[in-house]
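Welcome, and thanks for opening the viewer. Take a moment to rotate the model, and then follow the stops below.

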Amino acid sequence: MILCHGINESAPDAATLKLCWDTVLFGKSNPETVLSFWGDLSVVQQKKMALSFQDDVLCEILKVGSSNALLQDVENYFYNPTLRAEIQQRLIDVLPTDGQPFVILCHSLGTVLVYEVLLNDAPANLNVEA
């Protein structure tokens, strides 16, 4: 199973986010899942990492108040070809190359990313079923 997050993910790094998803889905870490992580390229994530406090409630209030950062992530994905290619490559890098079937679970802008990669850039031997 491949996991692909959207904008405004809550984890600061790939390992933490994968564990969050695994715990919600399976109740524990699952070695069978891989995560296509691009949060480090996210404007929202960069703003959150720049905060020097650990108050989750205050962070949530600031996130809601800074919807421009969310829109900036969407704009960056659609109108910054270099960034878009890097985000897409991260998904391509975790796609299976052995022809085995797989499942992708995605959220929000991650869904757009997955759709575009599978439609346009998927490796030829990828076993994709609609």
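**First stop: a loop residue**

Please select Ser 108, which lies in the loop between strand E3 (104-106) and helix H6. This is a predicted model, and in it Ser 108 has a positive phi of about 55° although it is not a glycine. Most residues other than glycine have a negative phi. With a relative accessible area of 37%, Ser 108 is partly exposed.

**Step back to the whole chain**

Now zoom out and colour by secondary structure. The protein chain has six helices and three strands. Following the sequence, you will meet them in the pattern β-α-β-α-α-α-α-β-α. Of the 130 residues in the protein chain, 35% are buried. If you switch on a surface, its accessible area comes to about 7,700 Å², and 58% of that belongs to carbon and sulfur atoms. Among contacts with a separation of 6 or more, 72% are between residues 24 or more positions apart.

**Into the nonpolar core**

Next, hide the surface and show the side chains of Trp 38, Ile 87, Leu 91, Leu 95, Leu 113 and Val 117. These have the most contacts inside the largest nonpolar core, which has 17 residues. Strand E1, helix H5 (81-94) and helix H6 (109-121) each give two or more residues to this core.

Centre the view on Ile 87. Leaving aside neighbours within four places in sequence, Ile 87 is in contact with Trp 38, Leu 41, Tyr 77 and Leu 113.

From there, move to Leu 113, in helix H6. Is Leu 113 buried or exposed? Leu 113 is buried, because its relative accessible area is 1%. Not counting residues up to four places away in sequence, Leu 113 touches Cys 4, Trp 38, Tyr 77, Ile 87, Gln 88 and Leu 91. Try a distance label between the C-alpha atoms of Leu 113 and Leu 91: the two residues are 22 apart along the chain, and these atoms are separated by 8.2 Å.

There is also a second, separate core of six residues, including Leu 3, Ala 11, Trp 21 and Phe 37.

**Asp 22 and its partners**

Select Asp 22 in helix H1. Its relative accessible area is 0%, so Asp 22 is buried. What does the side chain of Asp 22 make with the side chain of Thr 33? The two side chains make a polar contact at 2.7 Å.

Add Lys 18 to your selection. Lys 18 forms a salt bridge with Asp 22, with the closest N and O atoms 2.5 Å apart. Both residues lie in helix H1, four residues apart, which is about one turn of the helix. Lys 18 counts as buried, at 18% relative accessibility.

Beyond four places in sequence, Asp 22 touches Leu 3, Gly 27, Lys 28, Ser 29, Asn 30 and Thr 33. Have a look at Asn 30, in the loop between H1 and strand E2 (34-36). Asn 30 counts as buried at 13% relative accessibility, and its contacts outside four places in sequence are with Lys 18 and Asp 22.

**More salt bridges**

How many salt bridges does a search of the whole structure find? The search finds four. For another of them, show Arg 90 and Asp 40, whose side chains meet at 2.5 Å, N to O. Arg 90 lies in helix H5 and Asp 40 in the loop between E2 and helix H2 (43-50), so the pair ties together parts that are 50 residues apart in sequence. Arg 90 is partly exposed at 22% relative accessible area, and Asp 40 is partly exposed at 39%. Add Glu 86 to the view as well: Asp 40, Glu 86 and Arg 90 are linked in a network of salt bridges.

Then turn to Arg 84 and Glu 116, another salt bridge with its closest N and O atoms 2.5 Å apart. This pair links distant parts of the chain, with Arg 84 in helix H5 and Glu 116 in helix H6, 32 residues apart. Arg 84 counts as buried at 19% relative accessibility, and Glu 116 is buried at 14%.

**Last stop: a nonpolar patch**

Finally, bring the surface back and highlight Met 1, Val 24, Leu 25, Phe 26, Val 103 and Leu 105. Together they make a nonpolar surface patch of about 510 Å². Helix H1 (residues 14-26) gives the largest share, three residues. Met 1 sits in the segment before strand E1 (2-4), and counts as partly exposed at 33% relative accessibility.

Methods:
Residues numbered from 1 in each chain as written. Predicted model: local features only at pLDDT ≥ 70, side-chain atom pairs only at ≥ 80, totals over all residues. Heavy atoms only, no water. Patch = residues over 30% accessible without salt bridge, like charges linked within 9 Å, V, L, I, M, F, W, Y side chains within 5 Å. Areas by Shrake-Rupley, 256 points an atom, 1.4 Å probe, with all protein chains shown as cover. Buried < 20%, exposed > 50% of the residue type's maximum accessible area, 1.4 Å probe, protein only. Core = buried A, V, L, I, M, F, W, Y, C linked by side-chain atoms within 4.5 Å. Contact = heavy atoms within 4.5 Å. Polar contact = N/O pair within 3.5 Å; in protein donor to acceptor, adjacent residues only side chain to side chain.
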